[in-house]
Amino acid sequence: MLPLIAAIAFAPPFDVAPLLAQVDATRMRATIEKLASWHNRNTSNPTLDEAAAWIKGEFEKIPGLQVELMHYQIHKGARIPADKEVVQVVATLPGATDRRVVVGGHFDSINMVERDLTASLAARAPGANDDASGVALTLELARILSTQKWNQTLVFVAFSGEEQGLLGSRALAQRAKKEGWKIDGVQSNDMVGSSSNLEGKRDDTQIRVFTEDLPTHNSREMGRWIEWVARQAKIKAGRKNFGVKLVLRKDRFGRGGDHSSFNDEGFTAVRFVEPNEEYTRQHTPDDLPEFEDWKYLANVARVNLASMARLATAGLPPLDVRIDRKQGYDTRVHWQGTPGTRYVVYWRETTSPGWEGWKEVGTDTDVTIAGVSKDDFIFAVGAENGIPVEAK
């Protein structure tokens, strides 16, 4: 159905290109090299507090951010020698509404070559890619997005406790649930700075996005939408456009990430991770800055920035999105909208992971898409710049 795409012009209400041009790989490199300079950043060690204080200071240099050290409790376990209060960093850029968009990465690191807990706590764990890369990206987005005013409130997080079982993200997700945060979406970045591995595989043209599909949140549709946003942004990676590879599962097989903590509390959240992981540089002394691909990391940051900037301007999502059941070759879609909000109708083949066609429909809430049959296509509607809601 590519002709359908070509036939419909779509003009976003603002141009993200000037924002994308501000992404600075040199700044992100400096962040990663600084974090990797600590012997390790194990959640149970004083080095974690030192790194948290440094990250907090970097956020505090950014005008307009409200920065806090969030304290929470961890308890003795397989990777934790004793009960302890630990910290993570949460920076908030207030918007015109109390709806929130969250982006983050974890700054703790771990050495799992040493199997003994005491030896592991003392061992070198630079954690450059896992996950200083996600923290550097988060800081870079904060620097850029803080230069403008946004409709939504933006939250930038450096999580701790990830390597002990997603402890920091769980603490924040539970806090968000308790305090009634209105989260439109969470973008978790964990290992996003390397484009190749020692098997000889290299791919500097895409980033994987993992999504869970449950009725309690809209994460799968957020992933599809981010893939669509990346296509519209036309981020260059050499002669190709940099894009998103959708992986339609919650996370890598048998593994987890900080987005899962938010999914478990009913929030829409996705995970970004590079396509060619090098396992010998995860949780080892070899996770060093010299193995990062700085141009690749910059493009991952641009995808995050493009989607976050759009979400920061979106109106409220439509309610009760329905397809008219009358038989025919056209498809009528209708929904309950918010006055003044502009909408986009999307559609894709039932076998397609991403959106293939779309149409800007303004403030209309009852639209017929000519020549596209509901028998063969899945439809959704989203507020302009917002995550679509699948039609029923």
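Which residue forms a salt bridge with D98, and how far apart are the closest N and O atoms? That was my opening lookup, and the partner is K182, with those atoms 3.3 Å apart.

**Ground rules.** I am working on a predicted model, where local features need pLDDT of at least 70, side-chain atom pairs count only at pLDDT 80 or more, and totals for chains, interfaces and linings use all residues. Residues are numbered from 1 along each chain as its sequence is written, and side-chain values use heavy atoms, with hydrogens and water left out.

**Salt bridges.** I used the usual kind of cut-off: a side-chain nitrogen of Lys or Arg within 4 Å of a carboxyl oxygen of Asp or Glu. The structure holds 29 of them. D98 sits in the loop between β2 (84–93) and β3 (99–106), while K182 is in β5 (182–189), so their pair ties together parts 84 residues apart in sequence. Strands here are DSSP runs of E, at least two residues long, numbered from the N terminus. D98 is partly exposed at 45% relative accessible area, and K182 is partly exposed at 45% as well. (Buried means under 20%, exposed over 50%, partly exposed in between, with a 1.4 Å probe and protein chains only.)

Next I looked up R99, which meets D184 at 2.6 Å, N to O. R99 lies in β3 and D184 in β5, so this pair links parts 85 residues apart in sequence. R99 is buried at 10%.

D251 and R252 also pair, at 2.6 Å, and both are buried. Shared partners join D190, R208, D251, R252, R255, R271 and E277 into one network.

**Cavities.** How many cavities of 30 Å³ or more does the structure hold? I found two. A cavity is a set of points on a 1 Å grid over the protein atoms alone where a 1.4 Å probe fits but cannot get out, and lining residues have an atom within 4 Å of a point. Points are joined across faces, edges and corners, and the volume is the space filled by probe spheres set on them.

The largest has about 100 Å³ of space. Of its 15 lining residues, N129, S194, E274, E278 and R281 are closest to the centre. Its lining has three nonpolar, five polar and seven charged residues.

The second largest has about 30 Å³, and its lining includes S109, H283 and D287.

**A sheet.** Last, I checked an open sheet of three strands, ordered β10-β11-β14 with antiparallel pairing. (Strands pair if DSSP finds at least two bridges between them.) Four bridges join β11 (331–336) to β14, and T331 stands opposite I369 in β14.

Methods
On a 1 Å grid over the protein atoms alone, a cavity is a set of points where a 1.4 Å probe fits but cannot get out, and a pocket is an open set with protein on both sides within 12 Å along at least five of seven lines; lining residues have an atom within 4 Å of a point. Ala, Val, Leu, Ile, Met, Phe, Trp, Tyr, Cys and Pro count as nonpolar, Asp, Glu, Lys and Arg as charged, and the others, Gly among them, as polar.
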